[in-house]
Amino acid sequence: MEMSTVNWLAVLVAGISAFVLGGVWYSPALFGKAWMKENKMSVEDVQKGNKGKIFGWSFILCLVIAVNLAMFLNDPKIGLEMGIVYGLLTGVWIFCGIAIVALFELKSARYIFVNGGYMVVALAMMGAIIGAWK
C-alpha cells in the first residue's frame with residue numbers, strides 16, 4: 001500500500017464532511033429528536049455531556065474512518081463513481097455492525113436506521129470526496 005499517493009487534503013476534507021454531516025443529521029431539524037427519543041434522552045441530558053470529549057473524539061474518529069477508506073480507494077482507476085460505491089458498501093458494513101449490537105441491546109429499528117443511516121451517508125460522501133479528488 002503506497003501512502004505517498006494518498007491525497008491527504010481530500011482525506012481531511014472527507015473527515016470534516018462526515019463530522020459536519022453528523023451535526024446536521026443529529027440536529028432537531030433532521031433526526032435529533034428521534035435519536036434522543038430512541039435513546040430515552042432529553043435535551044438536558046444531551047447538554048450535560050462533556051462537549052470537548054464528545055466532539056473532539058468524534059472528529060478524530062471521523063478522520064480515522066476517512067484515512068481507512070482512503071487506503072481502500074488508493075487506486076488511480078477509482079474515481080467519483082467507484083468512490084461512492086465503495087463508500088456505500090463500507091457504510092453497509094458499519095450499518096450491519098450497528099444493527100447487530102442494537103438488536104442485542106433491544107434497540108428499535110428506528111434507532112438502527114438513524115445511526116446506521118448516518119454512517120451509510122457519511123461513508124458515501126467520504127468515498128465521493130476521496131474518489132473524485134485525486
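A residue is called buried under 20% relative accessible area, exposed over 50%, and partly exposed in between. The structure treated in these exercises is a predicted model.

**Exercise 1. Val24 and the surface patch**

Task: State which helix holds Val24, and decide whether Val24 is buried, partly exposed or exposed.

Solution.
- Step 1: Val24 belongs to helix H1, which covers residues 8-25.
- Step 2: The relative accessibility of Val24 is 43%, so this residue counts as partly exposed.
- Step 3: Val24 is also one of the residues of a nonpolar surface patch, together with Leu9, Leu12, Val13, Ile16, Val20, Leu30, Phe31 and Trp133. Together, the residues of the patch have about 710 Å² of accessible area.

**Exercise 2. Ser17 in helix H1**

Task: Classify Ser17 as buried or exposed, and list which residues Ser17 touches when those up to four places away in sequence are not counted.

Solution.
- Step 1: Ser17 lies in helix H1.
- Step 2: Its relative accessibility is 13%, and therefore Ser17 counts as buried.
- Step 3: With residues up to four places away left out, Ser17 touches Met125, Met126 and Ile129.

**Exercise 3. The salt bridge**

Task: Find how many salt bridges the whole structure has, name the side chains that meet in a salt bridge, and classify each partner by accessibility.

Solution.
- Step 1: Searching the whole structure gives one salt bridge.
- Step 2: The side chains of Arg110 and Glu38 meet in a salt bridge, with 3.6 Å from N to O.
- Step 3: This pair links distant parts of the chain, since Arg110 is in helix H6 and Glu38 in helix H2, 72 residues apart.
- Step 4: Glu38 has a relative accessibility of 17% and so counts as buried. For Arg110 the value is 43%, so Arg110 counts as partly exposed.
- Step 5: Helix H2 spans residues 32-38. Not counting residues up to four places away in sequence, Glu38 touches Lys107, Ser108, Arg110 and Tyr111.

**Exercise 4. The largest pocket**

Task: Give the space in the largest pocket, and say which helix gives the most to the lining.

Solution.
- Step 1: The largest pocket holds about 920 Å³ of space.
- Step 2: It is lined by 31 residues, of which Gly22, Tyr26, Trp35, Ile54 and Ser58 are the closest to its centre.
- Step 3: At least two lining residues come from each of H1, H2, H3 (43-47), H4 (51-72), H5 (80-104) and H6 (109-132).
- Step 4: H4 gives the most to the lining, with seven residues.

**Exercise 5. Positive phi in two loops**

Task: For Lys40 and Leu106, state what value phi is near, and where each residue is placed.

Solution.
- Step 1: Most residues other than glycine have a negative phi.
- Step 2: Lys40 has a phi near 55 degrees, a positive value in a residue other than glycine. Its place is in the loop between H2 and H3.
- Step 3: Leu106 has a phi near 60 degrees, again positive in a residue other than glycine. Leu106 is in the loop between H5 and H6.
- Step 4: Lys40 counts as exposed because its relative accessibility is 74%. Leu106 is exposed because its relative accessible area is 77%.

**Exercise 6. Gly97**

Task: Classify Gly97 as buried, partly exposed or exposed, and give the separation of its C-alpha atom from that of Leu63.

Solution.
- Step 1: Gly97 lies in helix H5.
- Step 2: The relative accessible area of Gly97 is 30%, so Gly97 is partly exposed.
- Step 3: The C-alpha atoms of Gly97 and Leu63 are separated by 19 Å, and the two residues are 34 residues apart along the chain.

Key:
Residues are numbered from 1 along each chain as its sequence is written. This is a predicted model: local features need pLDDT of at least 70, side-chain atom pairs count only at pLDDT 80 or more; totals for chains, interfaces and linings use all residues. Side-chain values use heavy atoms; hydrogens and water are left out. Patches are made of residues with over 30% relative accessible area and no salt bridge: like charges are joined within 9 Å, nonpolar side chains (Val, Leu, Ile, Met, Phe, Trp, Tyr) within 5 Å. Accessible areas come from the Shrake-Rupley method with a 1.4 Å probe; for residues, only the protein chains shown count as cover. A salt bridge is a side-chain nitrogen of Lys or Arg within 4 Å of a carboxyl oxygen of Asp or Glu. Helices (H or I, at least four residues) and strands (E, at least two) are DSSP runs, numbered from the N terminus. Buried means under 20% relative accessible area, exposed over 50%, partly exposed in between (1.4 Å probe, protein chains only). Contact means heavy atoms within 4.5 Å. On a 1 Å grid over the protein atoms alone, a cavity is a set of points where a 1.4 Å probe fits but cannot get out, and a pocket is an open set with protein on both sides within 12 Å along at least five of seven lines; lining residues have an atom within 4 Å of a point. Grid points are joined across faces, edges and corners, and a volume is the space filled by probe spheres set on the points.
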